[in-house]
Amino acid sequence: MSKQEIKIITKIIREVTLYLMMHGFKDFIFESKNTAKTTQLIITLDDTKPDFIEAMQTKMNRERQMEIETYGWELIGDIDQKNELEIISLLIDSMDVEYTQSKTIITLTRTNKYL
Amino acid sequence: MKIKEFVKYKMLLPVIFVALFGLSLVFDSPSNIYTGYINILKSPSVLISDYVRIGGLGATLFNVATIILFNIIMLKRLGFKMTGPIFAGVLTIAGFSFFGKNIFNTLPIYLGIYLYAKTQRLEFRSFMIVVLFSTGISPIVSFLIFGTGWPLYIGVPIGIIVGTFTGFILPAFSAHTIRFHKGYNLYNIGFAMGIISMLYAVILHSFNVNLNVGGPTSEAYHSELLLISLGLSTLFLVGAFMIDPNVLKKYPHLLKSTGRLVSDFIRDYGKAVTMLNVAFMGYISVAVLVILNLEINGPVMGGILTVMGFGAFGKHPKNALPVMFGAWLGVTITNYSLDSVGMVIALLFVTAVAPIAGRYGVIIGVLAGFIHIIITPLAYVFQGGFDLYNNGFAAGFVAALMIPILEAITKQKPEEDGQ
């Protein structure tokens, strides 16, 4: 994985963490699984409100736009409003949600572009 | 293709091309357009070079139309869907084709970005936002070829090499500068180019090259340009209602956006709502000029088109009017004057800092506009006129100055609404 890819992924982690903490999440697990071609960020949350996840999914499941990524990636991770995630949604390919008995598992998948 | 689909298609940009191309033939004969167009291509093009004065209205409209056509074809070949940034980029290029951009001086910059994309092993289309806004620094190409007095066999290669080099460094540099103002300067690439221009100005100055080659403007076509501005705004207004007759009810949602980079009104609110906003931004620009009894020349027309373009990419009446008022206040109570065309266009381009009003409210927006207008002339002196987006250069400093302070004093408590 290239240095540029690592820089972008760490910024995504920072922004999602900021977003969750701004929305009152105190305990959650953040995992990162990287291969040469893809990165998966897996976030395990306790007791989430369905509305919250739905709103997040609506934002995140936007078509990826490389021209936004090359232009605005440096802004990621620098939110000061809790309702953002606008740019990050254009840098990931998909957001999948899985519910277990008491946990919500969010998987963000990104195909690595910088080789 | 049904008429509704036709209106939605590329956000009316092909219609604008046809209209401006047709009008160029209305205002001037083909031979005059040809002569004027050659004068435009040979102009040093630094701020402020009014192509309406240099080439006449017909040749200028022809220049604008060719630039729009070139970029529409490029976007189509690269398979782009119309988004807010893309629309803003094309209209900004069109606007600045009234005072500084032409097909000749923009191509080396594009070439530089293309080469940068190759080195990054990414597609050229990945840098399209930078591509569209990059040409604000195209006067460096024209100036080195036609403005220095150097023979062409020296000026042409140097102009092309420097233009290509500038395009090559711009993507990485503009991605970096966006952090400086945290996305609150909508003309981020203008800020990046201002810094690069500053370097070029210093180098040329140190070799005793005279940089002051901008010229007077022409207000001879004020009425025609006023009608074109109103006509284009009305085109978008009618287009919005044709796509969606209920567009007015949906419009207030857009006004809630801060407009901070990288917002895309087409993606977030749809084409009809965005087109209505574009129309309103056009009307507001014209209204400000008419109320203050200011005449439209090439640069001012460029300002109107740019403000309209950014009606899809961050600007709306609620965040734009406070900063425009602040700018007017700045001119009114200081020793600046609207007799200067630089100040007149700054009244429009001050909307670069509109997201500050969108995020922090009217009073802070007025303050941002005020600071912007008094910084702008100083920014011009620094960057030597090679960066056509001088207001973007100034706006970067305004936002960088205000945002850290505003973030520090604005408290926002986390809400327990996720769990």
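How many bridges join strand 1 of chain A to strand 2 of chain A? The legends below take up this question and a few others. This is a predicted model, in which local features need pLDDT of at least 70, side-chain atom pairs count only at pLDDT 80 or more, and totals for chains, interfaces and linings use all residues. Residues are numbered from 1 along each chain as its sequence is written, with chains lettered from A and ligands numbered from 1 in the order in which they are written.

**View 1. A hairpin in chain A.** Strand 1 (residues 28–34) and strand 2 of chain A run antiparallel and are joined by seven bridges; strands pair if DSSP finds at least two bridges between them. Three residues lie between the two strands of this hairpin. Look for A:Phe28, which stands opposite A:Leu45 of strand 2. Strands here are DSSP runs (E, at least two residues) and helices likewise (H or I, at least four), numbered from the N terminus.

**View 2. The partnership of strand 2 with strand 4 in chain A.** Nine bridges join strand 2 to strand 4 (residues 103–111), and these strands run antiparallel. Here A:Asp46 has A:Lys103 as its bridge partner.

**View 3. The two faces of strand 2 (residues 38–46) of chain A.** A:Thr39, A:Leu41, A:Ile43 and A:Leu45 point to one face and are buried (20 or more other C-beta atoms within 10 Å of their own, with C-beta atoms placed from the backbone). Pointing to the other face, and not buried, are A:Thr38, A:Gln40, A:Ile42, A:Thr44 and A:Asp46.

Terms used. Buried ≥ 20, exposed ≤ 12 C-beta atoms within 10 Å, placed from the backbone.
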